[in-house]
Amino acid sequence: MSGIDTELAIDVKNVTIAYRNTTAVNYRIFLKNMLKPRKKQISAGNDFQAVKNVSFNVRKGETIGIVGENGSGKSTLLGAVAGVYGVDKGRITVRSDHCSLLSLGTGFQSRLSGYQNIFLSGYAMGFSKEEILASLDEIIEFSELGDFIQKPVKTYSSGMYSKLAFSISSVLTPEILLVDEILSVGDIRFRQKSYAKMKQMITDEHRSVIIVNHSTESLRGLCSRILWLHQGEGKMFGETDEVLDAYRKFMVG
Ligand SMILES: Nc1ncnc2c1ncn2[C@@H]1O[C@H](COP(=O)(O)OP(=O)(O)OP(=O)(O)O)[C@@H](O)[C@H]1O
């Protein structure tokens, strides 16, 4: 089998992910492994398959969206692309030194302060201490957290948590950005601000983005292609309007 197409930032081929076999890995191991191509090939056996034989790709500089009803496997697939989960069958190749998963459930160490978590996340994304320091003031200002930046993240509301997560990834600007539902959290003002920032990030021809979101209207303005997952399977992957129209029709008639 030949290597990945050089125009692709992410290539997901026939991936199956089953819970029970699939374990969330130690954070330090995750940091070490997140940028390596993953080629684990084991049988999924009788475990619950959250993602079944799914293939899609993201070109360099492209933004794609993932839609699907609750429990269709979107977050699981995104977690596998980020390296948080291994795959049971198939292969995921990620081509970048700087990759970040923006998600409400992962990433921060709850006992550490927002300030400390900025460094932790920055390192996880592949940035150096100097690069993080150079962006620190901008991250803190964008987050609007004020004095809370020195408080443990476990004291944050979900909106505050997402503000910090979004600020880190939008200011440090990784080459590959994986966004899980984060645009739908936060107050209206921050949502508008983050949507505008996301649009600006996406227009950078060097950045590749995957967005998981239930708001088809947000996705329409941001994505060139959409993957529709249904009960763990890839039901459609193609041009944004075509897939979203079919998805809306399926969901609401
Ligand atoms: N840790 C876990 N252990 C076992 N099963 C899980 C686990 N996490 C998710 N699942 C199951 O895997 C399936 C896919 O879940 P996943 O969170 O990936 O879906 P999703 O499309 O992101 O859902 P939502 O839109 O509700 O966020 C669901 O049936 C869910 O119950």
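This report covers a ligand shell, helix H2 and a pair of packed helices in a predicted model.

## Basis

Residue numbers start from 1 along each chain as its sequence is written. Because the model is predicted, local features need pLDDT of at least 70 and side-chain atom pairs count only at pLDDT 80 or more, while totals for chains, interfaces and linings use all residues.

## Ligand shell

The residues around the ligand (C-beta atom, placed from the backbone, within 6 Å of it) are Tyr 19, Phe 48, Ala 50, Gly 68, Asn 70, Gly 71, Ser 72, Gly 73, Lys 74, Ser 75 and Thr 76. Strand E2 (48-59) and helix H2 (74-82) each supply at least two of the shell residues. H2 gives the most, with three residues.

## Helix H2

Nine of the nine residues of H2 are buried (20 or more other C-beta atoms within 10 Å of the residue's own). Among them are Lys 74, Ser 75 and Thr 76. Gly 83 follows H2 and has a positive phi, near 90°.

## Helices H3 and H5

The axes of H3 (residues 114-124) and H5 (residues 158-172), lines fitted to C-alpha atoms over the stretch in contact, come within 10 Å and cross at roughly 45°. H3 and H5 are therefore oblique to each other, a class for angles that are not under 35 degrees, over 145 or from 65 to 115.

The contact (C-beta atoms, placed from the backbone, within 7 Å) is made by Gly 114, Asn 117, Ile 118, Ser 121 and Gly 122 of H3 and by Leu 164, Ile 168 and Leu 172 of H5.

Terms used. Axes fitted to C-alpha atoms, helices over the stretch in contact; angles between N-to-C directions. Helix = DSSP H or I, 4+ residues; strand = E, 2+ residues; numbered from the N terminus. Contact = placed C-beta atoms within 7 Å. Buried ≥ 20, exposed ≤ 12 C-beta atoms within 10 Å, placed from the backbone.
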